[in-house]
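Subject: A structure for you to look at

Hi,

Here is the structure I promised to pass on to you. Please open it and turn it around a little before you read my notes below.

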Amino acid sequence: MKMKKPCSSGHTKSPPNLAELGSIFTRASESHNSAKYAEALVDYNKVIAALPDDVNELTNLGALYFDMGNSAESLRILERSLAIDFKQPNAWLNMGMVLKW
């Protein structure tokens, strides 16, 4: 049996349901590709809340902020992704795009 981590409220927190997170990620990606940025932002943040060190999700979130016109937040998120995995090529590519435009 997996141990549950206590939340700040004192309740226990179950480990993330990977199938559910996969569905949320798919929905986020589809929303992002359809320029439904507010919906994508909510869903990317749900996945990142469960998997805070997932460099792919952080890189996607950085790309979303860039597409939303928020370059400063995009750079902050991409830097966070690179701090976890300095060799993450998509984060570097996206950072280059942000800095160029």
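Is the crossing of α3 and α4 left-handed or right-handed? Keep that in mind while I walk you through the rest. Please remember that this is a predicted model.

**The overall picture**

The chain is built from five helices and two strands. If you follow the chain from its N terminus, you meet the elements in the order β-β-α-α-α-α-α. There are 101 residues, and 31% of them count as buried. The chain exposes about 6700 Å², with 57% of that supplied by carbon and sulfur atoms. Taking the contacts with a separation of 6 or more, 39% join residues that are 24 or more positions apart.

**Helices α2 and α3**

Packing of two helices is described by the angle between their axes and the distance between the axes. Helix α2 covers residues 37–50 and helix α3 covers residues 55–67; they pack at about 155°, and their axes are 10 Å apart. An angle over 145 degrees counts as roughly antiparallel, and α2 and α3 are therefore roughly antiparallel to each other. Their crossing is left-handed. On the α2 side, the residues in contact include Tyr37, Leu41, Tyr44 and Ile48, while those of α3 include Leu58, Leu61, Leu64 and Tyr65. Sorted by class, this contact has 10 nonpolar, two polar and two charged residues.

**Helices α3 and α4**

Now back to the question at the top. The crossing of α3 and α4 is left-handed. Helix α4 spans residues 71–84, and the axes of α3 and α4 come within 7 Å, crossing at roughly 165°. That makes α3 roughly antiparallel to α4. Among the residues that meet here are Val55, Gly62 and Phe66 in α3, and Ser74, Ile77 and Ile84 in α4. By class, the contact of α3 with α4 has eight nonpolar, five polar and two charged residues.

**One residue to find yourself**

Try locating asparagine 17, in the loop between β2 (12–13) and α1 (18–33). Is asparagine 17 buried, exposed or partly exposed? Buried would need under 20% relative accessible area and exposed over 50%, so asparagine 17, at 43%, counts as partly exposed. Asparagine 17 and alanine 50 are 33 residues apart along the chain, and their C-alpha atoms are separated by 8.9 Å.

Have fun exploring, and write back with any questions!

Best wishes

Methods: Residues are numbered from 1 along each chain as its sequence is written. This is a predicted model: local features need pLDDT of at least 70, side-chain atom pairs count only at pLDDT 80 or more; totals for chains, interfaces and linings use all residues. Side-chain values use heavy atoms; hydrogens and water are left out. Helices (H or I, at least four residues) and strands (E, at least two) are DSSP runs, numbered from the N terminus. Buried means under 20% relative accessible area, exposed over 50%, partly exposed in between (1.4 Å probe, protein chains only). Contact means heavy atoms within 4.5 Å. Accessible areas come from the Shrake-Rupley method with a 1.4 Å probe; for residues, only the protein chains shown count as cover. Axes are lines fitted to C-alpha atoms, for helices over the stretch in contact, and angles run from 0 to 180 degrees between N-to-C directions. Angles under 35 degrees count as roughly parallel, over 145 as roughly antiparallel, 65 to 115 as roughly perpendicular and the rest as oblique. A crossing is left-handed if the near helix is turned anticlockwise from the far one by less than a right angle, and right-handed if clockwise. Ala, Val, Leu, Ile, Met, Phe, Trp, Tyr, Cys and Pro count as nonpolar, Asp, Glu, Lys and Arg as charged, and the others, Gly among them, as polar.
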